[in-house]
Amino acid sequence: MRRRGFARLGAARLRAPAPASALALALVLALAFALLPVLARAQGSKVSSAPELARAIETLEPGQWVWAPEVAPEGPVLVFVDLSRQIALVYRNGIRIGATTVSTGKPGHATPTGVFTILQKDAKHRSSTYNNAPMPYQQRLTWDGVALHAGGLPGYPESHGCVHLPYNFARELFTVTELGVTVVVEGDAQHHLETSGNALLSPFDDAGKAMAYHPLRPGEQFHWTPDIAREGPVSVIVSKLDQRIVVLRGGKEIGRSVARIRDADPGSHVITQIVREGRPHWVFVGMAGHEEEQGREIDEALLNRVEMPREFHRDLDAVIGPGTTVLVTNSRVGAGSWDHLTVIDAIHPHAAPEGG
């Protein structure tokens, strides 16, 4: 009987020669811990550690925002407006790529709640109701006037029903949405309530339905359900805080595993697989603050900082390909309660037996 154990994310020996993706993923996750991004707080500036904002959204001042589309460059987009906290969150492929403060409808002009779709886009829109007032980067949610657009941000609800965004954030958001994208509006602008949680994963799918995440049960090492989404871009999240690996395809979770991640760096890093000279390679993504690293290939010197169950590693390797993005972060992915595991069969991949 095959013994279940942990395989390090290195050059694991499989029955067939290990594909380049298996080796490269190990290198990706190892070197990803090398940098400690700085969380910029200036109004309207992009920051390099947007995933860490999952733990600090409430500290944003009016007009502040973060934007890191490199975290998930492809996949379905969802916009979530939280009226209670006066913030908006943007998710792509199930992962948060942006967060901003907003100003929504004032008393008597409340922003409606519900699930909407973007009906119209107009970067230079002017209001036909309010004295031809400019509404830059307008994205219409209802035909009677509710929209996302750049507008005033005094720190409290003051619009006539629209969702006001910082000007530059509205411009960035305009570039990643298209007609039909789902916008979920939830909460109560007059009362600060606890609404959706602050995990890095989207609370809703791209149709606006609540996502059903399934944290591992105590003692469970992993689960793998690829039939939930048989196609779409693949994103891998490695949560150092939760000691978990989550795999999403087409915006839906298809796998989750325990992991051993031995690194104290609280920062984030993004890596993607590309093809060079006919072979797959893992390279850094030049996020804001690390633009000079764009395209730098992973260094093999830093291996074996991440371990995962061997069988999960094989399942993961089967879905990895060019365009796969790996995010290593200290943000949470909704681990739930779990026990620390005693690993009986921790084998360095170079020593793993054939078919073991």
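Phe312 is buried, with a relative accessible area of 0%. I start there, and I should say at once that this is a predicted model.

What does Phe312 pair with? Its partner is Trp224, in an edge-to-face aromatic pair, with 5.6 Å centre to centre and 85° between the planes. The two residues come from distant parts of the chain. Trp224 belongs to strand E12, residues 222-224, while Phe312 is in helix H3, residues 310-319, and 88 residues separate the two. Trp224 has a relative accessible area of 19%. The cut-off for buried is under 20%, so Trp224 counts as buried too.

Now the other aromatics. How many aromatic pairs does the structure hold? There are seven. Another of these is formed by Tyr137 and Phe174, again edge-to-face, at 5.6 Å centre to centre with 65° between the planes. This pair also links distant parts of the chain: Tyr137 sits in strand E8, residues 134-140, and Phe174 in helix H2, residues 167-176, 37 residues apart. Tyr137 and Phe174 are both buried. Phe174 has a charge over its ring as well: the charged end of Lys121 is 4.2 Å from the ring centre. Elsewhere, ring pairs join Trp65, Trp67 and Phe169 into a cluster.

Next, the strands, beginning with E8. E8 and strand E9, residues 147-150, run antiparallel and are joined by two bridges. Arg140 stands opposite Ala147 of E9. The two strands make a hairpin with six residues between them, and in the turn Gly145 has a positive phi of about 120°. On to the next partner of E9. Strand E10, residues 163-165, pairs with E9 in the parallel sense, over three bridges. There, His149 has His164 of E10 as its bridge partner.

That leaves the cores. Which residues have the most contacts inside the largest nonpolar core? They are Val81, Leu148, Leu165 and Leu173, in a core of 40 residues. Helix H2 gives the most to this core, with five residues. Taking Leu165 as an example, and leaving aside residues up to four places away in sequence, its contacts include Ala88, Thr100, Val102, Leu148, Ala170 and Leu173. Also touching Leu165 are His149, Ala150, Gly151 and Leu153. Apart from this core lies another, of 23 residues, including Val238, Ile254, Ala259 and Ile298.

To come back to the start: Phe312 of H3 and Trp224 of E12 link distant parts of the chain, and Tyr137 of E8 and Phe174 of H2 do so as well.

How values were computed
Residues are numbered from 1 along each chain as its sequence is written. This is a predicted model: local features need pLDDT of at least 70, side-chain atom pairs count only at pLDDT 80 or more; totals for chains, interfaces and linings use all residues. Side-chain values use heavy atoms; hydrogens and water are left out. Rings of Phe, Tyr and Trp (its six-membered ring) pair if their centres lie within 6.5 Å; planes under 30 degrees apart count as stacked, over 60 as edge-to-face and the rest as tilted. Helices (H or I, at least four residues) and strands (E, at least two) are DSSP runs, numbered from the N terminus. Buried means under 20% relative accessible area, exposed over 50%, partly exposed in between (1.4 Å probe, protein chains only). A charge sits over a ring if NZ of Lys or CZ of Arg is within 6 Å of the ring centre and within 35 degrees of the ring normal. A nonpolar core is a set of buried Ala, Val, Leu, Ile, Met, Phe, Trp, Tyr and Cys residues joined through side-chain atoms within 4.5 Å. Contact means heavy atoms within 4.5 Å. Two strands pair if DSSP finds at least two bridges between them.
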